[in-house]
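Please open the structure in your viewer and keep the selection tool at hand. The stops below say what to select next and what is to be found there.

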Amino acid sequence: MIDLRASDLPLLVLYALAFALLHWTASPWSGAGFFSLWYPPAGLRFAVLWSRGARFAPWLVLAELAADFSAGVIDIGAPGLLQAVIGAMRPGLTYGLALAGTRGIARGKDDTFSLPPMMMGLAAVAAPALNALLVAPIDALLPADAGRYRIGVDIAISLTGLAVGDLLGILVLAPPLLWIAALTGGPRQALPRPPSRRAVLEDALVLSGCLLLTIALWRAGLGAQPAPGLLAGAWIGLRHGRIAAWLAIVAQVLAFLPYSSGRLDDATRLELHLGIAAVVLVTWLAGSFSDAQKTARIMLERRNRLLFQAERLKTLRAMSVAVIHEISQPLSTLAIEAGHLARATEHLDADIAESAALVDRKARDLSDLVRRLRRFGGRDVDEPSLLPVSMLLQTACQIVAAELRASGGRIDCLGIAPDLAVQAQEIELTQALVNLLRNAVAASPGETIALRAGAVADEVRIEVTNPLVTARKTDAQPLGAGMGIGLVIARTIVEAHGGTLVRQDDVDTARFVLSLPLVAGPLP
Amino acid sequence: MTDPAASPAASPVAPLVAVLDDDADLGASVARLLARNRMDARAFTDPRALLAILPDCAFGCVISDIQMGEMDGFAFADALRARDPAVSLVFMTAWPTTAHAVDAVRRHGGIDYLEKPIDEPRLIAAVAEGLGWSARERRIAAMTAAFTRRERDVFDLLVRGHSNKEIAERLAISARTVEDHRAAIVTKTRTNGLAQLIALSRGEAV
C-alpha cells in the first residue's frame, strides 16, 4: 500500500462518484446470480490501478466502499453486512493482485509477451478471471449465511456472468481512460498518427461485412453467432493495432448492448454477452499483440542501429591503434635523435641549445602521449583488475563533463573514501557509470547531480541521484517506459560484475544505486 | 640496412650489440645511441642477414623488434638461441601486449620488453645487463668445453660443496681418481682452490 498524497484525494473522490454512477448505469443488464453483464465500473477500476500501480488498490477499495454505502448499494442495517462488505472489497483487491502478478511474471523476460501493450492485454483478461475465481474460496471462508453466490442459481453461470460483465467493462472503458491519462499526464506521449483512409475503409468494410453476416445467421435462426465478429476483430486488431481494435470493440458493443438491455431472459442474455465477450477479448488481444510486435520491431531496429555504431567504433579503434603504431615508429627515432642533439648542443650557442632542448622536450611529450593513448585505446581485452572507486568515478565524470557543461548542470562528487576498491573491468564499469550519469543529466538538465560512494557491509554502493524536475513519480508507468538502452547496458555490465543496479526514488529525486562486491586489502 | 660484408670487421674482443629493426632509421639511431654509451653496436634490418654472420661474429646482446616482415622477433629469437645460446636478447615493439611481454621474458629469455617510443635509460640498462649475462655464459661455456665428461661430473659435485670422498662414493670411483680429476680441472681452468672454482661455475671472472 502506498502512502496517500494530498493530491490523490480529489482523484479518489472523483473515482467514488464515477464508480457509483457507472454502477447505476450497469443495472439494465443484470440477471439472477450476477449483478450485470456489462459492468463499466470495472474498466474505471482497471484504468486507475494500471496507471497508479497495484499498490493503490486498498485506497480504491475504500473509495468503492464509501460509494456503495452512500449510494445505498450496501445497507448498513441489512443482514449479511459482512458478506456484502467483503463482496464489495474483493474485486478491487483481486484486480490489484492480478495486475501485480502480470507485471511480476513479465519482469525480466525479453519477449513479445513482456512488452507493455501485450502485458496490459493479458492483465485485462487476468483481472476479471481472478476476481471470478476467488468468489467461491472467499465465500467459503465467511460464516455460512445466505451469501449472494450461494443461493440456488448455478454457480458457474453466476461467475461467468461476473467475469463477462467485468471484461466488457474493462475492454471498452479502460483503454480510452488510459489514453486520456497518458496524453494529459506528461509531455512525452506523442499523439497517435491519424490512420490512413485506406485502413479505415478496410476496417469498416470488414466490420460491417461481419456484422451483416451475424445478422444474417441470426435471421436464419442460428442465434447470435460470434464467429463473424471474431473474424472481424482478429483481422482489425492484427492489422491495425489497439486503437483500431478498440474502435471495433465499441462498434460491436454499441450494436448489441441496446438490444441486450431489452426484454431478454437471463439465459439468452448471458449467451449473447458471452459471444460479445469472446469477440471483444479476441479483438483486444489481437490489437495488443500487433502493437507489441510493432514495439518489438522498433526496439530491434534501435538495437541494430546501436550494433552498427558499435561496429563503427570498432573500426575507429582499429584505425587509431594503427595510427598510434605508425606514429610511434618514427617518433622513436625522433626522440632518440632529439635527445642526442639536446645533449650535444648544450654547450653551443644559447639559441641553438634552446631550440634543441625544445625539440627534445616536445618529442618526449609526444612519446608520453602515444604511450597514454595506447594504454586506453589499444587494449584488446579489458581484463578485471583491482580499481579504486574514486578513480572510476573521476574518469566517468571527466567523460560526461562536456555534456554537463552544455546542459549547464554540475556533478557533486565529494568525499569518496580513497581506500574503496572493486575488482572490475575498467572500461566496462566506467561505461556503466557514464550511462547512469548521462541519463541523470538528460533527466535533470541544468541541475546538480549527486554522485556518492561508500561501503555498506561487504558491498560498495555507488549512488547517482538527480532531482525530478518535470516528470512526476513514474513507478506506476508500464514497465519499460523511460528505460533507455543506456540503462539496460549499465545493468548488464553491473550484473556481469556480480553486482546489482536498482532504482530507489524519493518523492522529489530519482536515484540509481549500483552495488558491487567490496574488495578488501591494500590498493595497488 | 647495414651490409655486414661492407662494414668493418668486428673486433673479436669487444662485446658487440646488434640492433634488429625493419625500420632502418630507427635501427641506426639506436645503434648510434648505444655507441655514444660506449657500446659497440651494429644495425640490421633483416633477421636472416644477422643470423648469416653469426658464426664469424659473436654478439653479446641483440635488440630485436617483434613485428617484422617474414620472420617475427620471436621466431628470430628461437633461431638465434639455436645457433648461440650465450647471446642475450632485448625486445622492443610498437604493439605492446601483455601476452607478448610475458612470452618475451619467460619463453625467449628476454632481458626486457621495451615499448616504442623507447625509454633510453631503460634500454641502456637492459643492454648492459644483457652484455654482463652473456659474458658470464660465455666464460662458463669456454671453461667447461675443455673438460672430459668425468671431469664435468666431478666439477659439478665439487662446486656444490661435496668432499672428495662423497664424490668418489657417488660416482663409484676411488678417492684417488677424484683427486686426479680435480688436479686436471684446476690446471685447465688455471684456478687456485675451490673458492675460485665456485666463482667460475657462476660465470664470475677470477
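Begin by colouring chain B by secondary structure and following it from the N terminus, where the elements run β-α-β-α-β-α-β-α-β-α-α-α-α-α, which amounts to nine helices and five strands. This is a predicted model, and the values given along the way are to be read with that in mind. With the whole of chain B still selected, a surface view goes with an exposed area of about 10300 Å², of which carbon and sulfur atoms supply 52%, while 45% of the 206 residues count as buried. If you display contacts in chain B between residues at least 6 apart in sequence, 60% of them join residues at least 24 apart.

Next, stay in chain B and select B:K116 together with B:P117, since the peptide bond that links them is cis, with omega near -5°. B:P117 sits in the loop between β5 (110-115) and α5 (120-145) of chain B. From there, move along the chain to B:R190, in the loop between α8 (175-189) and α9 (194-201). The backbone at B:R190 has a phi near 50°, a positive value in a residue other than glycine. As a general background to these two stops, most residues other than glycine have a negative phi, and most peptide bonds are trans. Is B:R190 buried or exposed? B:R190 counts as exposed, because its relative accessibility is 77%.

Now turn to chain A and select A:A457, in the loop between β4 (448-456) and β5 (459-467) of that chain. A:A457 also has a positive phi, near 55°, in a residue other than glycine, and with a relative accessibility of 72% it counts as exposed.

For a helix in other surroundings, select residues 40-52 of chain A, which form α2 and span 19 Å from the first C-alpha to the last, close to the 18 Å expected at 1.5 Å a residue. Twelve of the 13 residues of α2(A) are buried, so this helix is largely enclosed by the rest of the structure; among the buried residues are A:L44, A:R45, A:F46, A:W50 and A:R52. Just after α2(A), look at A:G53, which takes a positive phi of about 100°.

The next selection is a pair of helices in chain A, α5 (residues 116-133) and α10 (residues 266-344), whose axes are 7 Å apart and which pack at an angle of about 160°. That angle makes α5(A) roughly antiparallel to α10(A), and the crossing of the two is left-handed. To see the contact itself, show side chains in α5(A), including A:P117, A:M118, A:M120 and A:L122, and in α10(A), including A:L281, A:W284, A:F289 and A:D291, which belong to the groups that meet there.

Finally, select α13 of chain A, whose 18 residues reach 26 Å from the first C-alpha to the last, close to the 26 Å expected at 1.5 Å a residue. Its buried residues include A:L429, A:L433, A:L436, A:L437 and A:V441. Within this helix, which covers residues 426-443, centre the view on A:N435. Which residues does A:N435 touch, not counting those up to four places away in sequence? They are A:G486, A:I489 and A:A490, and A:N435 itself is buried, with a relative accessible area of 8%.

How values were computed:
Residues are numbered from 1 along each chain as its sequence is written. Chains are lettered from A and ligands numbered from 1 in the order in which they are written. This is a predicted model: local features need pLDDT of at least 70, side-chain atom pairs count only at pLDDT 80 or more; totals for chains, interfaces and linings use all residues. Side-chain values use heavy atoms; hydrogens and water are left out. Helices (H or I, at least four residues) and strands (E, at least two) are DSSP runs, numbered from the N terminus. Buried means under 20% relative accessible area, exposed over 50%, partly exposed in between (1.4 Å probe, protein chains only). Contact means heavy atoms within 4.5 Å. Accessible areas come from the Shrake-Rupley method with a 1.4 Å probe; for residues, only the protein chains shown count as cover. The expected span of a helix is 1.5 Å times one less than its number of residues. Axes are lines fitted to C-alpha atoms, for helices over the stretch in contact, and angles run from 0 to 180 degrees between N-to-C directions. Angles under 35 degrees count as roughly parallel, over 145 as roughly antiparallel, 65 to 115 as roughly perpendicular and the rest as oblique. A crossing is left-handed if the near helix is turned anticlockwise from the far one by less than a right angle, and right-handed if clockwise.
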